[in-house]
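Biologist: I would love a close look at a single part of this model, with enough of its surroundings to see how it fits in. Could you walk me through it in one go?

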Amino acid sequence: MANVNFDYNGSSIIITGGARGIGLELGRAFVGWGGDVFLVDRDREEVEAAATAIGAVPLVADVSDSAEVDRVVATVVEVSGRVDLLVNNAGILRDGVVWKMTDDDWEAVMSTHAGGAFRFTRAVVPHFRAQSRGRIVNVTSYSGIRGNTGQANYATAKAGIIGLTKTTAKELARFGITVNAISPNASTRMVESIPADKLAELAASVPMGRFAEPAEMAPAVAFLASDEAAYITGVVLPVDGGISI
């Protein structure tokens with residue numbers, strides 16, 4: 001990503017699920033582009049280590065808890081005076097075929113993915129409206145479009161994020177706020193939990209023949225958050241090596 005240059009000096013950026021994977025690499029990139037980055041994660045030890053490593057600010061919160069989400073946004077505004085970009089990236093897996101899936105596994109995944117995106121969106125909108133500008137980039141998944149065996153909760157949550165993206169894009173456009181999403185296909189801890197033989201099969205099904213590195217998601221997010229993309233809203237951008245073709 002060293003050859004991709006964006007200017008985010010003076011911008012305040014919240015990235016959920018920031019302790020690892022895509023969230024961490026987005027944070028690293030935006031720090032490099034001059035942004036004031038706040039990494040949010042429920043794992044204190046991991047998020048503090050990650051933030052220290054890249055020069056960001058760690059904030060510990062469970063995105064399924066409205067009070068904790070509101071506290072994070074209030075802290076960011078108190079520290080930086082504003083918030084410019086929200087990236088809803090937090091997620092968990094609780095896989096299982098639907099007839100064996102528990103209520104707890106269903107609710108945990110829904111509340112983290114779709115619920116977390118909703119809560120953070122709700123919390124930042126008053127600040128965006130006061131500024132007459134704001135950017136939200138949600139992280140969804142190909143599974144939310146096509147489904148995936150053993151992931152009824154995850155696929156439903158990711159489909160919900162697509163609905164949230166499009167609905168809030170319509171609601172917020174008149175305030176100078178854009179809401180978009182990326183659908184990544186990157187090598188993250190979630191992907192690496194797949195058995196090796198199945199993982200090789202999946203990689204072979206990608207037209208580009210591989211999973212992306214998490215850092216390869218950063219330019220897409222940065223573009224959607226930029227002034228140059230001010231007339232783009234409600235879009236779900238595949239950053240997936242062609243797997244969704």
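What follows is a walk around one helix, H1, and the sheet beside it.

Modeller: Happy to! Please keep in mind that this is a predicted model. Let me start with the whole chain, which holds ten helices and seven strands. Its C-alpha trace spans about 50 × 40 × 40 Å along the principal axes. For 245 residues, a compact globule would have a radius of gyration near 18 Å, and the 17 Å of this chain agrees with that. Of these 245 residues, 49% count as buried. Among contacts with a separation of 6 or more, 70% are between residues 24 or more positions apart.

Now to the sheet. Seven strands make up an open sheet with parallel pairing, and their order is S3-S2-S1-S4-S5-S6-S7. S3 (57-60) and S7 (236-239) stand at the edges with a single partner strand each, so one side of each has no neighbour in the sheet. On average, neighbouring strands are turned by 20 degrees against each other, direction ignored. For one pairing in detail, take S5 (residues 134-139) and S6 (residues 177-184): they run parallel and are joined by six bridges. In this pairing, Ile136 stands opposite Val179 in S6.

Onto this sheet packs helix H1 (residues 21-32), touching S1 (12-16), S2 (36-41), S4 (85-88) and S6. The direction of H1 makes about 165 degrees with that of S2. Does the length of H1 fit a helix, you may wonder? At 1.5 Å a residue, its twelve residues should span 16 Å, and the end C-alpha atoms of H1 are 17 Å apart, which agrees.

Which residues of H1 are buried? They are Ile22, Gly23, Leu24, Glu25, Leu26, Gly27, Ala29 and Phe30. An α-helix has 3.6 residues a turn, so residues three or four places apart point the same way. The buried residues of H1 pack against strands S1, S2, S4 and S6, and also against helices H2 (44-54) and H10 (218-224). After H1 comes Gly34, with a positive phi near 95 degrees.

Finally, a word from the record: an unreviewed UniProt entry annotates residues 11-185 as "domain: Ketoreductase". That span is 52% helix and 19% strand, and its end C-alpha atoms lie 27 Å apart.

Technical notes:
Residues numbered from 1 in each chain as written. Predicted model: local features only at pLDDT ≥ 70, side-chain atom pairs only at ≥ 80, totals over all residues. Heavy atoms only, no water. Pairing = 2+ DSSP bridges. Helix = DSSP H or I, 4+ residues; strand = E, 2+ residues; numbered from the N terminus. Axes fitted to C-alpha atoms, helices over the stretch in contact; angles between N-to-C directions. Contact = heavy atoms within 4.5 Å. Expected span 1.5 Å × (residues − 1). Buried < 20%, exposed > 50% of the residue type's maximum accessible area, 1.4 Å probe, protein only. UniProt positions renumbered as here; feature names shortened; annotations may be inferred. Rg over C-alpha atoms; globule rule 2.2 N^0.38 Å.
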